[in-house]
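Me: I'm trying to get my head around one part of this model, the loop between two helices and what sits around it. Could you walk me through it slowly, as if I'd never done this before?

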Amino acid sequence: GPGARAMAAAEKAPDLILIWMVAAPADYQLPESEMVFDGQESSAREQIQGKLAGFKVGGPVPRLFVDLGKTTWGVTGSLRCKDGLSIFKGMCKLDGSEEAKAYIDLGLTDLAGGSEHVVLLPQQMFCAFLCRAWARENALNTVRPLLGEGRTCPFSHQSPLELKSDEAMADHYFELLMSRGPKDKCPLAEKYLQGVAREMQLNQQMYFKSLLEGRWGLKADDSVLHVLQTLDKLGNEAPKDLSQDLSSGVAGKVLELVQVMGLNL
């Protein structure tokens, strides 16, 4: 029933389905029979969902026009992004993008028989999301191959600590960098991680520099450790995924050094 489905969805984050749109040319005359849905009207959501019924991600897109802002947009394509919801929400928070003004969030929708989180968004925002998703994948990829057997943290070899998901892995190194987390199980982690983060500068991380420079008083030549401590103090004001990805970048460098130099952890 719906209760069991909701519980299953809560256990595993739903896939994010992005349906991107391009602006209709200013001189384009839509046929009179064509309905244009108003992105700010809540009643339009159900009609949009009706239009998307039976639609397969990556397949042909339905004819669908939406008014968003002062522009009419036409649906062009779609993409499934696993674990993409948290970084999408973080991106909106950072840019101040408001639902119904900058994009349309249809929430959990049964598009392909399973519960997926569906968002309609303009092409420019879609491209920004692809850059953000690429940066996250890049950050996580520096750490994944350096984990111990069974995805364990190399710092925890005395009592192996399993990092079950990418989210858990990113969070683990962020917490250790902030002098928190399982320090008893990873006694040398804080020293090494903070040492490297103190030497790394924001301007060595070009993508994150483009997002963070000039925000919250952050400068290009700030150390990554200072950036992380600043983001941590901001609490919910700063998207957590940024801190996680910067921490993964630091952890990747440290674990690589450990491997290359054969340091004893």
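Reply: Start with R151, which you'll find in the loop between α4 and α5. Keep in mind that this is a predicted model. R151 has a positive phi of about 55 degrees, although R151 is not a glycine. That's worth a second look because most residues other than glycine have a negative phi. As for how much of R151 shows at the surface, its relative accessible area is 27%, so R151 is partly exposed.

Now go to R144, which is also in the loop between α4 and α5. With a relative accessibility of 23%, R144 counts as partly exposed. Leaving aside residues up to four places away in sequence, R144 touches E137, D166 and M169. With E137 there's a polar contact, side chain to side chain, at 2.9 Å. If you'd like a sense of distance, try Q204: Q204 and R144 are 60 residues apart along the chain, and their C-alpha atoms are separated by 21 Å.

Next, the two helices that the loop joins up. How are two packed helices described? By the angle between their axes and the distance between the axes. Helix α4 covers residues 123-143 and helix α5 covers residues 166-177; they pack at an angle of about 75 degrees, and their axes are 11 Å apart. That angle makes α4 roughly perpendicular to α5. On the α4 side, the contact is made by R136, L140 and V143, while α5 brings in D166, E167, M169, A170 and Y173. Sort the residues of this contact by class and you get five nonpolar, three charged and no polar. Two names here should ring a bell: D166 and M169 of α5 are part of this contact, and R144 touches D166 and M169 as well.

Follow α5 a bit further and you meet another partner, helix α9 (residues 240-261); the axes of α5 and α9 come within 8 Å and cross at roughly 80 degrees. So α5 is roughly perpendicular to α9. From α5, the residues that meet α9 include E167, A170 and Y173, and among those in α9 are K240, V250 and L255. By class, the contact of α5 with α9 has seven nonpolar, four polar and four charged residues.

One last stop, for a comparison with R151. D83 lies in the loop between β4 (71-81) and α3 (85-95). D83 also has a positive phi of about 55 degrees without being a glycine. Is D83 buried or exposed? Its relative accessibility is 51%, so D83 counts as exposed.

Terms used: Residues are numbered from 1 along each chain as its sequence is written. This is a predicted model: local features need pLDDT of at least 70, side-chain atom pairs count only at pLDDT 80 or more; totals for chains, interfaces and linings use all residues. Side-chain values use heavy atoms; hydrogens and water are left out. Axes are lines fitted to C-alpha atoms, for helices over the stretch in contact, and angles run from 0 to 180 degrees between N-to-C directions. Helices (H or I, at least four residues) and strands (E, at least two) are DSSP runs, numbered from the N terminus. Angles under 35 degrees count as roughly parallel, over 145 as roughly antiparallel, 65 to 115 as roughly perpendicular and the rest as oblique. Contact means heavy atoms within 4.5 Å. Ala, Val, Leu, Ile, Met, Phe, Trp, Tyr, Cys and Pro count as nonpolar, Asp, Glu, Lys and Arg as charged, and the others, Gly among them, as polar. Buried means under 20% relative accessible area, exposed over 50%, partly exposed in between (1.4 Å probe, protein chains only). A polar contact is a pair of N or O atoms within 3.5 Å; within protein, one must be able to donate a hydrogen and the other to accept it, and residues adjacent in sequence count only if both atoms are side-chain atoms.
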